[in-house]
Amino acid sequence: MPPKKSASVNRKQRQLGPGVGGIAKGRPPLAKKPQAALSSEKTRQLIRSHHQLNKQLASVENAGNREEADEIRKRIEQLGGLKSYQQASIQGQANDRGGDSSAVLMEWLKPLTSVVGKDKSKLRLLEVGALSTRNACSRSGCFDVERIDLNSQAEGIKQQDFMARSIPSPDGERFDVISLSLVLNYVPSPEGRGDMLKRTCEFLSIRNEHTYSMDQQSTLPALFLVLPAPCIVNSRYMSEERLASLMESLGYALLRSKQTSKLVFYLWQLKARPGSRRAKFSKKQVNPGINRNNFSIVLQH
Ligand SMILES: C[S@@+](CC[C@H](N)C(=O)[O-])C[C@H]1O[C@@H](n2cnc3c(N)ncnc32)[C@H](O)[C@@H]1O
């Protein structure tokens, strides 16, 4: 089935400005009361600085430079650490990015979720990088949601690094859907991003026709991926085509995509777990240009 693609930029949203209309129903309420609001510009700056420092930290740690790593860690703490970054993300997305991204996932899974209540079997959803227990997916009642984050902000969110989570045994419990919304771009290295995408395959349940209904078979198991749009549309090293071939090499097929002025959304179905003879994806320039960024994803082995 060819992937369905939404209008490249949601016209209504463009007219109204981000944060109004479409999925812009505001961030889901948080368990903890946010601290005093920062201005949009300050929020963006804080997110940018946190990403940059995280990248520098990964690179000096890689080079074994402990002193410089300690120095960068101090600077991250001075900015308020991961907690302030999360706060800024919540606020930044509410202001700039159109609110709760999981509303897009709900929309895309509507044909499946509309029957969930009838046979009472909920879909299993793993939300990696969860900041709220009350986003559209959580509120829908269609999912058994497991939420994890490096720094838990609420009771229903387990404090856990996805990269350190034990891989389920062959007959262990897996998920029907994994959500990676604005998480991959948080990973500081291109290799780390490739590893994260590869890891998702281990947690999705590839069931057979006896366990998934006909409707479900055309969608599940699936990965919901959200990234800041510039990572894909304005990078020297990435493009939609390159992302699609990388994902295909992992066993994923693109089902849905959508682009707004700020974000790109994708729904990928895992068709088969990647074999050992998978193609490698190095950091290769596909869109040269001085005004482009360096976001990339590398698959090493
Ligand atoms: C920008 S927030 C995105 C929050 C939310 N998913 C959204 O779309 O609004 C990124 C979150 O991902 C979390 N994160 C990054 N890497 C992670 C990992 N390896 N395991 C679990 N959480 C991770 C960070 O702690 C941070 O809270």
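This is a working chat about a predicted model, covering its domains, its ligand shell, one of its strands and its nonpolar core.

Reader: Before I go further, how is the protein chain split into domains?

Author: In this predicted model, the domain assignment of the protein chain gives domain 1, residues 40-96, and domain 2, residues 100-270. Taken over C-alpha atoms, the centres of domain 1 and domain 2 are separated by 24 Å.

Reader: And how many residues does the contact take from domain 1 and from domain 2?

Author: The contact takes 10 residues from domain 1 and eight residues from domain 2. On the domain 1 side, helix H2 (40-62) and helix H4 each supply at least two residues, and H4 gives the most, with six residues. By class, that side of domain 1 has four nonpolar, three polar and three charged residues.

Reader: Switching to the ligand, where does it lie relative to domain 1 and domain 2, and why?

Author: The ligand lies between domain 1 and domain 2, because both of them give residues to the shell around it.

Reader: OK, which residues come nearest to the ligand?

Author: There are 21 residues around the ligand, and of these Ser89, Gly129, Leu150, Phe162 and Ser181 come nearest. Helix H4 (81-97) and strand E3 each supply at least two residues of the shell, with H4 giving the most, at four residues.

Reader: What is the shell like by class?

Author: The shell around the ligand has 12 nonpolar, seven polar and two charged residues.

Reader: You mentioned E3, so which strands does E3 pair with, and in what sense?

Author: Strand E2 (residues 123-128) pairs with E3 in the parallel sense over six bridges, and Arg124 stands opposite Asp144 in E3. Strand E4 (residues 157-159) also runs parallel to E3, joined by three bridges, and there the bridge partner of Arg147 is Ile157 of E4.

Reader: Which residues of E3 are on the covered face, and which on the uncovered one?

Author: The covered face of E3 (residues 143-149) holds Phe143, Val145, Arg147 and Asp149, while Asp144, Glu146 and Ile148 are on the uncovered face. In a regular strand, side chains alternate between the two faces of the sheet.

Reader: Last topic, which residues have the most contacts inside the largest nonpolar core?

Author: That core has 49 residues, and those with the most contacts inside it are Leu125, Ile178, Leu180, Leu223, Phe224, Leu225 and Trp268.

Reader: What does Leu125 touch?

Author: Not counting residues up to four places away in sequence, Leu125 touches Cys137, Phe143, Asp144, Val145, Phe175, Asp176, Val177 and Ser179.

Technical notes. Residues are numbered from 1 along each chain as its sequence is written. This is a predicted model: local features need pLDDT of at least 70, side-chain atom pairs count only at pLDDT 80 or more; totals for chains, interfaces and linings use all residues. A residue is buried if 20 or more other C-beta atoms lie within 10 Å of its own, exposed if 12 or fewer, and partly exposed in between; C-beta atoms are placed from the backbone. Two strands pair if DSSP finds at least two bridges between them. A residue is near a molecule or strand if its C-beta atom, placed from the backbone, lies within 6 Å of it. Ala, Val, Leu, Ile, Met, Phe, Trp, Tyr, Cys and Pro count as nonpolar, Asp, Glu, Lys and Arg as charged, and the others, Gly among them, as polar. Domain bounds come from an automatic or database domain assignment. A nonpolar core is a set of buried Ala, Val, Leu, Ile, Met, Phe, Trp, Tyr and Cys residues joined through C-beta atoms within 7 Å. Two residues are in contact if their C-beta atoms, placed from the backbone, lie within 7 Å.
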